[in-house]
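This briefing introduces a structure to a reader who has not met it before. Its topics are helix packing and surface pockets.

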Amino acid sequence: MTARHGVAEATVVGTGVVVPPVPLPPDGRWFDHRSRLGRGHRYLPEACHYLMAAAREALADGAAERHAPERRGIVVGTNSAVTALHADIESAVRDGGIDSLSPMRVPFFSVNLVAAKLSTEHGFKGFNVTVSSPRVAGLEAVHLAGRALPAGRGDLVLAGATEAPDPRAGDALPESGAALLLLRARTAAAPGPVVRTALRFLPPRAAATPAGRERAGRAVREALDGVCPAPPPALHLLSDDSPAARTAADAVRAWCAGTTEVTEVSGPRRAGALAPLELLARAVRPDLTGPEAVVVASREGNLAFATVAAR
């Protein structure tokens, strides 16, 4: 880890991405847990189905089996994995009383149980962490994994994001699916793409003053300098129309000027932390030279920076 810039890094061993196809089927149904996961998963929340399917993809080459269960960890980010379940519980209690609740589904009111199911399914017994920071939780999960591995907390970590539609998303676009990276510590003997991450926080009120905007610019430049040893040919920028996000996005574009092509992910604000992880996971491919960068700026002031590049 590069202490000066607060950068974490790890080697990517595998990836798993489970998201709706484009376009969706006419009936809107795109995921069948029975065919993807088999028996015994009926009562799990949607986000848990997606996460488990993505994990099977990431673990397909059997790399995890070469490490002891207590040396394998999991970090998952989410914003809305169980919000639909919370709404269902509230409605059921209001309409039929507490006795109307399903004992098979209610335990998942605790969002950390979504990721915990992976530990029991695949024997990841080292640690299991769930993070929920708005919009950046998935990249934050990768960042925490990149800090834990060189610190000796484990040998292998599954890190990423999972989401299910939020019925209370308002004007934000709900997300569905999961994306995971299987990571190990970066060493001279560990081949494979390298992912680097950094996190920052910009108080939303800072965007209102010249001094605050200048501080934000310095923070963004420092983070990008840390995760990008060389200017990336491509950078994906996910932000929204809030003052905080616009301030950070302006600083990103200024840093990229003349050297990096910026692709801004347009459309409505999203109610989840999945999109950045999907972009990062899809950047891990055989023809990767890179680096490719992903930056997220949210109205809450959360900023996340990530690059993936060939070793």
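The points below treat two helix pairs and then two pockets.

The model is predicted. Two packed helices are described by the angle between their axes and the distance between the axes. In this model, the axes of α6 and α7 cross at roughly 50°, and those of α2 and α4 at roughly 40°. The largest pocket has a volume of about 410 Å³, and the second largest holds about 240 Å³ of space.

**Helices α6 and α7**

- Helix α6 spans residues 210-227 and helix α7 spans residues 243-256; their axes come within 9 Å.
- With a crossing angle of roughly 50°, α6 and α7 are therefore oblique to each other.
- The crossing in which α6 passes α7 is right-handed.
- On the α6 side, the contact is made by Arg213, Ala216, Gly217, Val220, Arg221, Leu224 and Asp225. On the α7 side, Thr247, Ala248, Ala251, Val252 and Trp255 take part.
- Seven nonpolar, two polar and three charged residues make up this contact of α6 with α7.

**Helices α2 and α4**

- Helix α2 covers residues 46-58 and helix α4 covers residues 112-122, and their axes come within 9 Å.
- Because the axes cross at roughly 40°, α2 is oblique to α4.
- The crossing of α2 and α4 is right-handed.
- Helix α2 contributes Ala47, Cys48, Leu51, Met52, Ala55 and Arg56 to the contact. Helix α4 contributes Val114, Ala115, Lys117, Leu118, Glu121 and His122.
- The contact of α2 with α4 comprises eight nonpolar residues, one polar residue and three charged residues.

**The largest pocket**

- The volume of the largest pocket is about 410 Å³.
- Its lining has 17 residues, of which Val19, Pro20, Ser176, Arg270 and Glu278 are the closest to the centre of the pocket.
- The elements that give two or more residues to this lining are β5 (173-174) and α8 (274-283).
- Helix α8 supplies the largest share of the lining, five residues.
- By class, twelve of the lining residues are nonpolar, one is polar and four are charged.

**The second largest pocket**

- The second largest pocket contains about 240 Å³ of space.
- This pocket is lined by 17 residues, and the closest to its centre are Asn79, Pro134, Ala271, Gly272 and Glu300.
- The lining of the second largest pocket divides into four nonpolar, five polar and eight charged residues.

Conventions. Residues are numbered from 1 along each chain as its sequence is written. This is a predicted model: local features need pLDDT of at least 70, side-chain atom pairs count only at pLDDT 80 or more; totals for chains, interfaces and linings use all residues. Side-chain values use heavy atoms; hydrogens and water are left out. Axes are lines fitted to C-alpha atoms, for helices over the stretch in contact, and angles run from 0 to 180 degrees between N-to-C directions. Helices (H or I, at least four residues) and strands (E, at least two) are DSSP runs, numbered from the N terminus. Angles under 35 degrees count as roughly parallel, over 145 as roughly antiparallel, 65 to 115 as roughly perpendicular and the rest as oblique. A crossing is left-handed if the near helix is turned anticlockwise from the far one by less than a right angle, and right-handed if clockwise. Contact means heavy atoms within 4.5 Å. Ala, Val, Leu, Ile, Met, Phe, Trp, Tyr, Cys and Pro count as nonpolar, Asp, Glu, Lys and Arg as charged, and the others, Gly among them, as polar. On a 1 Å grid over the protein atoms alone, a cavity is a set of points where a 1.4 Å probe fits but cannot get out, and a pocket is an open set with protein on both sides within 12 Å along at least five of seven lines; lining residues have an atom within 4 Å of a point. Grid points are joined across faces, edges and corners, and a volume is the space filled by probe spheres set on the points.
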